[in-house]
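Colleague: I'm still new to reading models like this one. Could you pick a single part and take me through it slowly, in plain words?

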Amino acid sequence: MAAAVASNLADKQTQWDFSCDLEVDFGSEENASIVHAALAVDKELQPDKVKRHMSISGGKLSVHFEAVEARFLRASFSAFTDILTLATKTIEEFGEGK
């Protein structure tokens with residue numbers, strides 16, 4: 001219990017000074033959901049330094065990043081876009097109509 005309280009307190013004291021938003025239109029709710037499911041399993045390696053929130057609406061995947069330093073934001077965003085590119089190319093290659 002004390003660890004959970006300490007964790008919540010640390011999160012409230014953390015300065016999330018850097019943020020970035022990304023929105024990708026996949027053209028369908030199904031494709032956006034597939035990519036979301038594929039990327040959701042890949043958690044942030046340093047959750048005390050970077051937070052990522054994903055949502056789907058109208059066939060679009062929206063991602064919001066927050067970080068304590070610009071370098072953590074850049075690294076997280078870059079790694080995420082690499083995996084996002086792979087998932088998108090997979091859907092293009094093997095999706096409907098292929």
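Modeller: Let's start from Ser76 and ask which residues it touches once its neighbours within four places in sequence are set aside. They are Glu44, Val50 and Phe65. Keep in mind that this is a predicted model. Ser76 itself sits in helix α3, and with a relative accessibility of 8% it counts as buried, because the cut-off for that is under 20%.

Two of those contacts lead us into the sheet. Val50 stands opposite Ala67 in β3. Phe65, for its part, is the bridge partner of Arg52. Both pairings belong to the link between strand β2, residues 50–57, and strand β3, residues 60–67. These two strands run antiparallel and are joined by eight bridges. Together β2 and β3 make a hairpin, with two residues between them. Look at the turn and you'll find Gly58, which has a positive phi of about 60°.

Now for the other neighbour of β3. Eight bridges also join β1 to β3, and this pair runs antiparallel too. You can check the pairing by eye: Ser19 stands opposite Glu66, and Leu22 has Val63 as its bridge partner. Put the strands side by side and you get an open sheet of three, in the order β1-β3-β2, with antiparallel pairing. β1 (18–25) and β2 are at the edges and have a single partner strand each, so one side of each is left without a neighbour in the sheet. On average, neighbouring strands here are turned by 15° against each other, if you ignore the direction.

What about the two faces of β3? In a regular strand, side chains alternate between the two faces of the sheet. The covered face of β3 carries Leu61, Val63, Phe65 and Ala67. Its uncovered face carries Lys60, Ser62, His64 and Glu66. Go back to the β1 pairings with that in mind: Ser19 is opposite Glu66, a residue of the uncovered face, while Leu22 is paired with Val63, a residue of the covered one.

Two helices lie across these strands. Helix α3, residues 70–94, lies across β1, β2 and β3, and runs at about 15° to β1. Helix α2, residues 29–40, lies across β2 and β3, and runs at about 160° to β2.

Let's stay with α2 for a moment. Its twelve residues reach 16 Å from the first C-alpha to the last, close to the 16 Å expected at 1.5 Å a residue. Which of its residues are buried? Asn31, Ala32, Val35 and Leu39 are. They cover an arc of only 100° around the axis, which puts them on the same side of α2. A bit of background helps here: an α-helix has 3.6 residues a turn, so residues three or four places apart point the same way. And what do the buried residues of α2 pack against? They pack against β2, β3 and α3.

That leaves the aromatic rings, and they bring us back to Phe65. Two aromatic pairs are counted here. A pair of aromatic rings is described by the distance of the centres and the angle of the planes. Phe65 and Phe77 form an edge-to-face pair, 5.5 Å centre to centre with 70° between the planes. Since Phe65 lies in strand β3 and Phe77 in helix α3, the pair ties together parts that are twelve residues apart in sequence. Are these two buried or partly exposed? Phe65 counts as buried, at 0% relative accessibility. Phe77 is partly exposed, with a relative accessible area of 24%.

Phe65 also pairs with Phe80, again edge-to-face, at 5.4 Å centre to centre and 80° between the planes. This pair links distant parts of the chain, with Phe65 in strand β3 and Phe80 in helix α3, 15 residues apart. Both Phe65 and Phe80 are buried. Through these ring pairs, Phe65, Phe77 and Phe80 are linked into a cluster.

So where does that leave our starting point? Ser76, in helix α3, touches Phe65, and Phe65 belongs both to the covered face of β3 and to that ring cluster.

Methods:
Residues numbered from 1 in each chain as written. Heavy atoms only, no water. Pairing = 2+ DSSP bridges. Helix = DSSP H or I, 4+ residues; strand = E, 2+ residues; numbered from the N terminus. Axes fitted to C-alpha atoms, helices over the stretch in contact; angles between N-to-C directions. Contact = heavy atoms within 4.5 Å. Buried < 20%, exposed > 50% of the residue type's maximum accessible area, 1.4 Å probe, protein only. Expected span 1.5 Å × (residues − 1). Arc of directions from axis to C-beta. Phe/Tyr/Trp six-rings, centres within 6.5 Å; stacked < 30°, edge-to-face > 60°.
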